[in-house]
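Biologist: Thanks for sitting down with me over this one. Could you show me the model, and then we can talk it through strand by strand and helix by helix?

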Amino acid sequence: MEKAMERTMERAMEMAMESSKKSVMKTGMFFSGNVPVLVKAVVLGVAVGGTAISTTVWSENLDAHRDEARALTFSFGTSLKEVLKPAMKKSGPIEALEVCNMQAPSLAEDSARSSGWQVGRTALKIRNPNNQPDAWELSVLKAFEQRKASGESPAQMEFLDVVEVDGERRFRYMKAIPTGKLCLNCHGSQLKPEVTAKILTLYPTDQAIGFKEGDIRGAFTLSKALLK
Ligand code: HEC
């Protein structure tokens, strides 16, 4: 697993480097693929009640942080799929639910431990209460929904910023997770009764159902402390 993760990480880094050559990066910027769209960072700061402060110091380093975040997201996402797909194929959604329940949080921890980043997933409607968004994440998730409503595809949707919390500057990154066909087995609107029952046993407060293909299911969320 570790080896495989290193390999996907390396591959993702190469891809990210390649795609970042053309794009000039700034904080507080929405971008989609290689087409950056500038958005007033002030909006975000206000939306989270002033706890998030977009810095005006633009260091070249941000490109490197963003590339790292992209690579980690790719490898975390890949490991999740590597766990989910075979489990679904082999034993169906009930067993796969257990696998997801056991593995998803520890895969996030693995990525975090080996990289110095905080790595996780969050959503507006969550299954695991530990995935609850904080104020910054909530505002980004809402902005993702607005971007989708105005026609942008969730597949490439990202947002990054530098925020200051309790005197500490942190680089924060989110990437939208679109809902695919496979996901509907456990997040759709017509679940098998036994799947619903299993979900409610594991997650009595589950909100993560009723999604359609193409909806934003949630987002990867990563952050890292920046040196002063
Ligand atoms: C076999 C059932 C199953 C399938 C299929 C499934 N999920 Fe999940 N999903 C879960 C479970 C269980 C959790 C809670 C995991 C945890 O404890 O962190 C979860 C959590 C999530 C979360 C974290 C936010 C939250 O709600 O807690 C996201 C995002 C997510 N799933 C997206 C997807 C996407 C995208 C797909 C399709 C590629 C998918 N899931 C397919 C069972 C499933």
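Modeller: Happy to; please keep in mind that this is a predicted model. Let's begin with the pairing of strand 4 and strand 5, which run antiparallel and are joined by 8 bridges.

Biologist: Good place to start. Which residue in the turn between strand 4 and strand 5 has a positive phi?

Modeller: Strand 4 and strand 5 are joined by 8 bridges, and within that pairing valine 162 stands opposite phenylalanine 171. The two strands form a hairpin with 2 residues between them. The turn residue with a positive phi, about 50 degrees, is aspartate 166.

Biologist: And how many bridges join strand 5 to strand 6?

Modeller: Two of the facing pairs are easy to find by eye. Proline 178 has isoleucine 216 as its bridge partner in strand 6, and arginine 172 stands opposite serine 223. Strand 5 and strand 6 run antiparallel, and the number of bridges joining them is 9.

Biologist: Strand 6 also pairs with strand 3. Which residue of strand 6 stands opposite valine 119?

Modeller: Strand 3, residues 118-122, pairs with strand 6 in the antiparallel sense over 5 bridges. Strand 6 is mostly covered, with 7 of its 10 residues buried. Opposite valine 119 in strand 6 stands leucine 222.

Biologist: Let's turn to the core. Which element gives the most residues to the largest nonpolar core?

Modeller: That core has 33 residues, and Leu72, Ala219 and Leu222 are those with the most contacts inside it. At least two residues each come from helix 3, helix 4, strand 4, strand 5 and strand 6. In soluble globular proteins, nonpolar side chains tend to be buried together. With 11 residues, the element that gives the most to this core is helix 3.

Biologist: Which residue of strand 6 is in contact with leucine 72?

Modeller: Leaving aside neighbours within four places in sequence, leucine 72 is in contact with Ser111, Ser115, Trp117 and Val119, among others. Val119 brings us back to the pairing of strand 3 with strand 6, where it stands opposite leucine 222. That strand 6 residue is also in contact with leucine 72: Leu222.

Biologist: Now helix 4. What span should its 15 residues have, at 1.5 Å a residue?

Modeller: The expected span is 1.5 Å times one less than the number of residues. The end C-alpha atoms of helix 4 are 21 Å apart, which agrees with the expectation, so the span asked for is 21 Å.

Biologist: Which residue just after helix 4 takes a positive phi?

Modeller: Helix 4 covers residues 135-149, and its buried residues include Trp136, Val140, Leu141 and Phe144. Just after the helix, the phi is about 105 degrees at glycine 151.

Biologist: I'm curious about methionine 88 in helix 3. Is methionine 88 buried or partly exposed?

Modeller: Not counting residues up to four places away in sequence, methionine 88 touches Pro93, Ala96, Leu182 and Asn185. Leucine 182 is 94 residues away in sequence, yet the two C-alpha atoms are 8.8 Å apart. A residue needs 20 or more C-beta neighbours within 10 Å to be buried. Methionine 88 has 18, so it counts as partly exposed.

Biologist: Lysine 125 caught my eye too. Which residues does lysine 125 touch?

Modeller: Lysine 125 is found in the loop between strand 3 and helix 4, and it is partly exposed because 15 other C-beta atoms lie within 10 Å. Its C-alpha atom is separated by 8.1 Å from that of isoleucine 209, 84 residues apart along the chain. Not counting residues up to four places away in sequence, lysine 125 touches Gln207 and Ala208.

Biologist: Last one, on the ligand. Which element supplies the largest share of the shell around the ligand?

Modeller: Of the 26 residues around the ligand, Ala96, Asn128, Cys183, Cys186 and Gly218 come nearest. The shell divides into 15 nonpolar, 8 polar and 3 charged residues. At least two residues each come from helix 3, helix 5 and strand 6. The largest share, 9 residues, comes from helix 3.

Note on methods. Residues are numbered from 1 along each chain as its sequence is written. This is a predicted model: local features need pLDDT of at least 70, side-chain atom pairs count only at pLDDT 80 or more; totals for chains, interfaces and linings use all residues. A nonpolar core is a set of buried Ala, Val, Leu, Ile, Met, Phe, Trp, Tyr and Cys residues joined through C-beta atoms within 7 Å. A residue is buried if 20 or more other C-beta atoms lie within 10 Å of its own, exposed if 12 or fewer, and partly exposed in between; C-beta atoms are placed from the backbone. Helices (H or I, at least four residues) and strands (E, at least two) are DSSP runs, numbered from the N terminus. Two residues are in contact if their C-beta atoms, placed from the backbone, lie within 7 Å. A residue is near a molecule or strand if its C-beta atom, placed from the backbone, lies within 6 Å of it. Ala, Val, Leu, Ile, Met, Phe, Trp, Tyr, Cys and Pro count as nonpolar, Asp, Glu, Lys and Arg as charged, and the others, Gly among them, as polar. Two strands pair if DSSP finds at least two bridges between them.
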